[in-house]
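Visitor: I am new to this structure and would like a close look at a single part of it. Could you take me through the surroundings of the ligand, and then show how the elements there connect to the rest of the chain?

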Amino acid sequence: MTGGAILVVGGGVLGWAIAGELARAGRTVRVVAPEGDARTASVGSLAWLNASTATDPGYVRLRRAALAGWRDWAEAGAPVRFGGSLFWGSDASDTMAARLGALGCPVARLDRAGIAAVAPGLRHPPETGLFVSDEGCADPALILPWLRTRAEAAGAMHLRGQAAALGPGALRLDDGTTLDADHIVMAAGEGASALLATAGLDLRVAGKPGLLIRTTPGRPVSDAVFATPSYDFWQRDDGAFLIASSSATGTGDADDMIAAEATAHISKLFGQTDLRVAERIARTRPIPADGLPLLGRWPGRDDLSVAVTHSGLTLAPIVAACIAAPLIGRDMPHDIAHLRPDRALQGA
Ligand SMILES: Cc1cc2nc3c(=O)[nH]c(=O)nc-3n(C[C@H](O)[C@H](O)[C@H](O)COP(=O)(O)OP(=O)(O)OC[C@H]3O[C@@H](n4cnc5c(N)ncnc54)[C@H](O)[C@@H]3O)c2cc1C
């Protein structure tokens with residue numbers, strides 16, 4: 001495949017996944033992102049890979065296509081586990097089971113004994129729950145290095161820097177350097193709005209704070225991801241629990257308290273009183289205004305594509321394949337026409 005350079009703005013899971021797809025097809029790719037990951041949501045993600053938390057049928061199908069992509073990545077050595085998702089509480093309704101079942105998700109109603117079988121470490125398994133068997137999780141500390149190594153092995157290069165302005169087929173960095181490109185892929189997460197605005201392109205993306213808490217290692221309890229009324233969490237192979245909280249404040253003391261409460265809650269659920277907070281990572285989730293991904297070519301601009309979404313961990317394989325397809329002469333693997341970024345323009 002020939003063609004000039006493609007610049008991918010953003011060194012999160014989407015940026016490196018897209019860069020890998022392009023480089024593996026022979027394109028010259030540069031990933032423009034600052035050194036370090038202080039603003040990278042991907043490192044603070046629970047990295048639960050699921051279709052079951054979505055309600056829009058088209059979105060569930062997109063997420064299921066992404067899960068198929070994760071299975072391909074697993075075969076290529078990605079650090080990922082498919083232990084299923086276990087729901088209890090108000091989320092685990094018959095309506096949810098019927099909706100997911102109709103969309104082809106392998107969902108089963110479990111009684112107390114069934115839940116105890118999936119999660120033998122639970123002290124008081126709830127009376128009923130739902131189990132979606134083909135979902136999983138990726139360790140957020142390992143998946144970004146894996147994607148990056150894979151992309152770099154195929155020839156993608158990291159250009160360290162902060163993009164300050166977007167022009168036609170060009171990017172100006174904050175040190176004044178200008179980079180020309182055949183095409184620019186905007187995968188800058190919650191930083192995308194500000195950068196697009198420098199070219200007069202206004203995109204509605206909200207930033208919502210989130211907190212990822214890692215505990216000290218505990219006794220093994222389950223391979224599943226737990227979606228409970230209080231927290232979503234799963235247990236790593238080393239025994240540490242990863243817990244997501246949406247009540248992050250971005251202030252140290254308050255977030256310390258949230259992390260301690262979450263850890264105490266998991267300790268109680270599993271009767272593991274020695275669990276402690278090992279780490280907490282506060283990051284901002286990029287959330288498009290209507291909750292659906294912003295994906296594809298910017299209308300009227302052949303030189304610009306956008307990939308901004310929540311659930312970017314789940315969606316990474318299908319987003320990468322869809323953004324790369326027109327740039328490497330492949331058929332579009334999934335219909336994303338309804339996700340085009342122009343639906344989120346200011347005033348649209
Ligand atoms: C607590 C928490 C839990 C979550 N749980 C899940 C989950 O279970 N499952 C799931 O699928 N998703 C989850 N998410 C969401 C998921 O993490 C994000 O959707 C995903 O990380 C977005 O990836 P990204 O590559 O688009 O953005 P990011 O990972 O944020 O990367 C953006 C990159 O762009 C760079 N950048 C920004 N501006 C510029 C600029 N001007 N120039 C150069 N570079 C720039 C940043 O430095 C960064 O490298 C969670 C998020 C949080 C915070």
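Guide: What follows starts at the ligand and moves outward from there. Please keep in mind that this is a predicted model.

Among the 39 residues around the ligand, the ones that come nearest are Gly 12, Gly 189, Gly 191, Gly 210 and Gly 312. Sorted by character, the residues of this shell divide into 19 nonpolar, 17 polar and three charged. Several elements of the chain each supply at least two residues of the shell, namely helix H1 (13–24) and helix H8 (312–324), together with strand E2 (29–33), strand E14 (205–215) and strand E18 (277–288).

The shell can also be read in terms of domains, for the domain assignment of the chain gives domain 1, made of 6–44 + 141–204 + 289–344, and domain 2, made of 81–136 + 209–286. From each of these two domains the shell around the ligand draws at least three residues. The C-alpha centres of domain 1 and domain 2 lie 30 Å apart, and where the domains meet, eight residues of domain 1 are in contact with eight residues of domain 2. On the side of domain 1 that touches domain 2, the residues divide into three nonpolar, four polar and one charged.

From the shell, helix H8 leads on to another helix, since helix H2 (residues 57–75) and H8 pack at an angle of about 90°, with 7 Å between their axes. H2 and H8 are therefore roughly perpendicular to each other. On the H2 side the contact is made by Leu 62, Arg 63, Ala 65, Ala 66, Gly 69, Trp 70, Asp 72 and Trp 73, while H8 brings Thr 314, Leu 315, Pro 317, Ile 318 and Ala 321. Taken together, the residues of this contact of H2 with H8 divide into nine nonpolar, two polar and two charged.

One further element deserves a look, an open sheet of three strands in the order E10-E11-E12, paired in antiparallel fashion. Strand E10 (163–167) and strand E12 (178–180) stand at its edges, each with a single partner strand, so one side of each is left without a neighbour in the sheet. Neighbouring strands of this sheet are turned against each other by 20° on average, direction ignored. Between E10 and strand E11 (residues 170–173), which run antiparallel, there are four bridges, and Ala 165 stands opposite Arg 172 in E11.

How values were computed. Residues are numbered from 1 along each chain as its sequence is written. This is a predicted model: local features need pLDDT of at least 70, side-chain atom pairs count only at pLDDT 80 or more; totals for chains, interfaces and linings use all residues. A residue is near a molecule or strand if its C-beta atom, placed from the backbone, lies within 6 Å of it. Ala, Val, Leu, Ile, Met, Phe, Trp, Tyr, Cys and Pro count as nonpolar, Asp, Glu, Lys and Arg as charged, and the others, Gly among them, as polar. Domain bounds come from an automatic or database domain assignment. Axes are lines fitted to C-alpha atoms, for helices over the stretch in contact, and angles run from 0 to 180 degrees between N-to-C directions. Angles under 35 degrees count as roughly parallel, over 145 as roughly antiparallel, 65 to 115 as roughly perpendicular and the rest as oblique. Two residues are in contact if their C-beta atoms, placed from the backbone, lie within 7 Å. Two strands pair if DSSP finds at least two bridges between them.
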